[in-house]
Amino acid sequence: TDQLVEELRARSTVTVVDLRDGLLAARGGREPLFHRTDTHWNDLGAAVGYRQILDALAGNVPGLTPPVGPEGFVLTPVAAGGGDLAWMLGLNFSMEERELRLTPVTPRRARVVEPSGDAKRFAVPRVVTVVDDPRLPRAVVYRDSFGSALVPFLAEHFQRMVTLWEYDVTPETIREEQPQVVIQQWVGRRLYNRGPYDAVAADPAAMAEIAAYHAASSSPAARR
C-alpha cells in the first residue's frame, strides 16, 4: 500500500487519499473504529474515512457540501452476531458483537432507489441513491466491502450516487452517469491478489476518445 500510494502521488494526476492517516490519528478514543469480531471498520471508522474523502474533494467540486462532524450523529450500540473473524473460527453463532451505529441528528435526505427492498446494510453489488437537490453533484463510486459503511455518509452529498461493488473503473458506466466525481476505494489487502486489468484499454469507445483528445491537443491550433 505504501508503494502504491507513493507511486500514484508521484506519477498520476489522480487525487490519492490514504485513509490510514486519519484512522491512525483517530484511534485511542473512547470507542473502537473497527469491529471486535470482524476485519472491517464500524460506523465510527467509516465516518473518519468519509470526512477525509470529502475534505480531499473540497474546493474542487462545485456544489459539494462539507462533511458532517461527530456532533451531527448519535452513537447507538446494537447487539449483533459475530463477524467475519468469528466465521473464520467457526464461532459465529457463539461470539457476539457490540456494533456501534451512528444515527444522524438531522434525518438523512438520501433515498435508496436501487435495489428495492432490504439493501442489507448496502452489502449488495449495486446501490443507487438520490437526493432531491439539483445543486448537488453526481458521483460514481467503485468500492469493496469497506465501502458498504461509506454509502449512507457519502450519499447525502450527491444528487445521484451509483455505488458499484467492483474494482475496475468502467468507461461505459462513466459515460452513462456523467458524474462530476469518481471515487475508487480499495482495501490494502486486495492489492496482492488482484490481477492487473485495464478496463479503459478494453473499451474501444474510451480509447477513441483518448486518441481524439491527444490529436486535438497536439494540433497547431491547440498549441496556439
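A crossing of two helices is called right-handed if the near helix is turned clockwise from the far one by less than a right angle. Keep that convention at hand for the opening stop of this tour, which goes through a predicted model.

**Stop 1: helices α2 and α3**

Select residues 19-26, which form helix α2, together with residues 43-57, which form helix α3; their axes come within 9 Å and cross at roughly 130°. That angle makes α2 oblique to α3, because an angle counts as roughly antiparallel over 145 degrees and as roughly perpendicular from 65 to 115. The crossing of α2 and α3 is right-handed. To see what makes the contact, show the side chains of Leu19, Asp21, Gly22, Leu23 and Ala26 on α2, and then those of Gly45, Val48, Gly49, Gln52 and Ile53 on α3. Coloured by class, the residues of this contact divide into five nonpolar, four polar and one charged.

**Stop 2: the largest pocket**

Keep α2 and α3 in view and add α1 (2-11) and β7 (181-184), since each of these four elements supplies at least two residues of the lining of the largest pocket. This pocket has a volume of about 1600 Å³. Its lining counts 41 residues, and a selection of Leu8, Val16, Gln184, Gln185 and Trp186 picks out the ones closest to its centre. Strand β7 gives the most to this lining, with four residues. By class, the lining of the largest pocket has 27 nonpolar, nine polar and five charged residues.

**Stop 3: the second largest pocket**

Now centre the view on Asp43, Glu99, Arg121, Ser148 and Ala149, which are the closest to the centre of the second largest pocket among the 32 residues that line it. The volume here is about 700 Å³. Strand β1 (73-81), strand β2 (96-104) and helix α5 each supply at least two residues of the lining, and the largest share, four residues, comes from β2. The lining of the second largest pocket has 13 nonpolar, 10 polar and nine charged residues.

**Stop 4: an enclosed cavity**

How many cavities of 30 Å³ or more does a search of the whole structure find? The search finds one, and about 40 Å³ of space lies in this cavity. To outline it, select Val141, Arg143, Gly147, Leu150, Val151, Leu154, Met161 and Thr163, which line the cavity. Strand β5 (138-143), helix α5 (151-154) and strand β6 (160-165) each supply at least two residues of that lining, whose residues divide into five nonpolar, two polar and one charged.

**Stop 5: Arg160**

Stay on strand β6 and select Arg160, which is found in that strand. Leaving aside residues up to four places away in sequence, Arg160 touches Arg126, Val128, Thr129, Val130, Pro137, Arg138, Ala139 and Glu177. A distance label between the C-alpha atoms of Arg160 and Leu136 will read 8.4 Å, although the two residues are 24 apart along the chain.

**Stop 6: two backbone details**

Most residues other than glycine have a negative phi, and most peptide bonds are trans. With that in mind, go to Pro115, in the loop between β3 (111-114) and β4 (126-130), where the peptide bond from Glu114 to Pro115 is cis, with omega near -5°. Finish at Gln178, in the loop between α6 (171-177) and β7; its phi is near 50°, a positive value in a residue other than glycine.

Key. Residues are numbered from 1 along each chain as its sequence is written. This is a predicted model: local features need pLDDT of at least 70, side-chain atom pairs count only at pLDDT 80 or more; totals for chains, interfaces and linings use all residues. Side-chain values use heavy atoms; hydrogens and water are left out. Axes are lines fitted to C-alpha atoms, for helices over the stretch in contact, and angles run from 0 to 180 degrees between N-to-C directions. Angles under 35 degrees count as roughly parallel, over 145 as roughly antiparallel, 65 to 115 as roughly perpendicular and the rest as oblique. Contact means heavy atoms within 4.5 Å. Ala, Val, Leu, Ile, Met, Phe, Trp, Tyr, Cys and Pro count as nonpolar, Asp, Glu, Lys and Arg as charged, and the others, Gly among them, as polar. On a 1 Å grid over the protein atoms alone, a cavity is a set of points where a 1.4 Å probe fits but cannot get out, and a pocket is an open set with protein on both sides within 12 Å along at least five of seven lines; lining residues have an atom within 4 Å of a point. Grid points are joined across faces, edges and corners, and a volume is the space filled by probe spheres set on the points.
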